[in-house]
Amino acid sequence: MEPINEIIPIEMDQFLSTVIQFKMDKMRLVQICASRLPAQYELSYCFARELDMWTLRLVVDEDTPVPSITQMYPCAFLQENETAELFGVKIQNIEHDYNSRLYRIDRETPFKEKG
Amino acid sequence: MAKRSIVPFGPQHPVFPEPVHLDLVLEDEVVVGAVPSIGFVHRGLEKLVETKDYKEYIYIAERVCGICSFGHGMGYCEAVERVMNIDVPPRAKYLRTIWMEMSRIHSHLLWLGLLADALGFESLFMQSWRLREKILDMFDLTTGGRVIFSVNTPGGVLKDVDAYMLHQLLQTIDEMEQDLRPVSDAFLREYTVGTRLHGLGVLKPEDAVQLGAVGPMLRASGVPYDARKLGYAAYGELAFEPIVLTDGDSYARCELRLQEIFQSFHLIRQAVAKLPNGPIAVPVKGNPDGEYFMRIEQPRGEAVYYVRANGTKFLDRFRLRTPTTSNIPPMLELLKGCQLADVPLLILTIDPCISCTER
């Protein structure tokens, strides 16, 4: 049987509770990825158990704060800092917040604009 | 009461070929915390996908890192192929598998040499890298390159191998297997190596999962996850089981990589024996439209390739989550409680690749 590789769209009000549920189900965090949409960000949080993977897909407006998941998954801090620094996603309460100094780059939020 | 101090470690350090910095919080000689700084050489290669044709981007993807270059090219192509529903010819799948396993041998031998060097065991370093040279010669013979191979393309591979090359490859891995045994014994039975590695940086299985460890670091802690079991390329048609050890210490991580080299020899022999005849690529027309999260098992662990396409020749997004990005958080936990003198060895045992991380 093919391993699961599924994208699950999710609303902000269900986001943290779903992440907590994943944590209780002993899933590991695979990766966090931001993509640019017109005036919005699309955030993908991948979680896996054995070979199966589920991706929580969250779409947020540019100025909407996104809660950090480092309370549940402390290992998310590098990828959350990267998402905030490269795209300008407003991620709140990251454990080990580098405040946009994770990378030594000249431009602020270089991935925010396309091209 | 122990005296607390902060020792800056890196970004330039004799055991690191690449820049990474740690602020080590010490109580006397014992590490009680570590804050990492990366990003000294961040290149923003993911961004280039917006201005490069998706077929040209392969050459950028494989330049993310000089050790994992084949895997990066393959991971990117496999993601694009899934978006475009391309059925890759069986011969191309087997060739990818052979080159991927050669990359694993090359990477693990490189790491073993670096470990021996960090231990001050120069002859073991030399022997490890002498063996690595043989696999680089086989890359040279079969692809024409030793670092960057440029053999992957959406739809298959660009270069075929003939009977002479396969014969040479099999002969070389037979010789290497014979030569690796005494080197392996030196790593696993030498008193000084064992004393430095046994019990150092123990990672429990539940911590390994929750801290996001991948690859040899995860499997040396008793967790049997190996992305090759997803069945991409020809792995679904080869007989193998992930190598798993349970001690979770630096010695286990070393032993696991040694065993994985022998496993790679076995996988190459299987793949060569089953290598089907036929075309090595199918023509790819049109542009991709859709998205896919592709996972492959790089030598350092699971890597994730995300491709998001919009129907034009330029992709909207390419994201690469490298194994080292995932292995840094567990490494920080491992450092807590170790002696300052063991920090370089402990960092080495995760096999960090800063070039990948600074993609």
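Which residues of H10(B) are buried? To answer this, one may open the structure, a predicted model, and follow the stops below.

**First stop: helix H10 of chain B**

Select H10(B), where the buried residues are B:Pro323, B:Thr324, B:Thr325, B:Ser326, B:Asn327, B:Ile328, B:Pro329, B:Pro330, B:Met331, B:Leu332, B:Leu334 and B:Leu335. The helix is thus mostly covered, with twelve of its 13 residues buried. Next, centre the view on B:Pro329, where H10(B) has a kink of about 30°. The end C-alpha atoms of the helix are 18 Å apart, and this agrees with the 18 Å that its 13 residues should span at 1.5 Å a residue. After the helix comes B:Gly337, which has a positive phi, near 100°.

**Second stop: the nonpolar core**

Keep B:Leu335 selected and add B:Tyr305 and B:Val307: these are the residues with the most contacts inside the largest nonpolar core, a set of 141 residues. Helix H3(B) contributes the most to this core, namely 15 residues. Now show the surroundings of B:Val307. Leaving aside residues up to four places away in sequence, B:Val307 touches B:Ala79, B:Val80, B:Val83, B:Glu291, B:Tyr292, B:Leu315 and B:Phe318.

**Third stop: the contact between the chains**

Display chain A together with chain B. Their contact takes 26 residues from each of chain B and chain A. On the side of chain B, the elements that give two or more residues are helix H7 (205-210), strand S7 (301-310), strand S8 (317-321) and helix H10 (323-335). That side of chain B comprises eleven nonpolar, seven polar and eight charged residues.

**Fourth stop: residues 23-95 of chain A**

Select residues 23-95 of chain A, which UniProt, in an unreviewed entry, lists as "domain: NADH:ubiquinone oxidoreductase 30kDa subunit". This span is 18% helix and 47% strand, and its end C-alpha atoms lie 17 Å apart.

**Last stop: helix H5 of chain B**

Return to chain B and select residues 163-189, which form helix H5. Its 27 residues reach 39 Å from the first C-alpha to the last, close to the 39 Å expected at 1.5 Å a residue. At B:Leu180 the helix bends by about 30°, and the proline B:Pro182 follows within four residues. B:Leu180 is also one of the buried residues of H5(B), alongside B:Leu169, B:Ile173, B:Met176, B:Val183 and B:Phe187. To see what these buried residues pack against, add helix H3 (90-119), helix H4 (122-143), helix H6 (191-197) and helix H9 (250-274) of chain B.

Definitions and conventions. Residues are numbered from 1 along each chain as its sequence is written. Chains are lettered from A and ligands numbered from 1 in the order in which they are written. This is a predicted model: local features need pLDDT of at least 70, side-chain atom pairs count only at pLDDT 80 or more; totals for chains, interfaces and linings use all residues. The expected span of a helix is 1.5 Å times one less than its number of residues. The bend at a residue is the angle between axes fitted to the seven residues ending there and the seven starting there. A residue is buried if 20 or more other C-beta atoms lie within 10 Å of its own, exposed if 12 or fewer, and partly exposed in between; C-beta atoms are placed from the backbone. Two residues are in contact if their C-beta atoms, placed from the backbone, lie within 7 Å. UniProt positions are given in the numbering used here, feature names are shortened, and annotations may be inferred rather than shown by experiment. Ala, Val, Leu, Ile, Met, Phe, Trp, Tyr, Cys and Pro count as nonpolar, Asp, Glu, Lys and Arg as charged, and the others, Gly among them, as polar. A nonpolar core is a set of buried Ala, Val, Leu, Ile, Met, Phe, Trp, Tyr and Cys residues joined through C-beta atoms within 7 Å.
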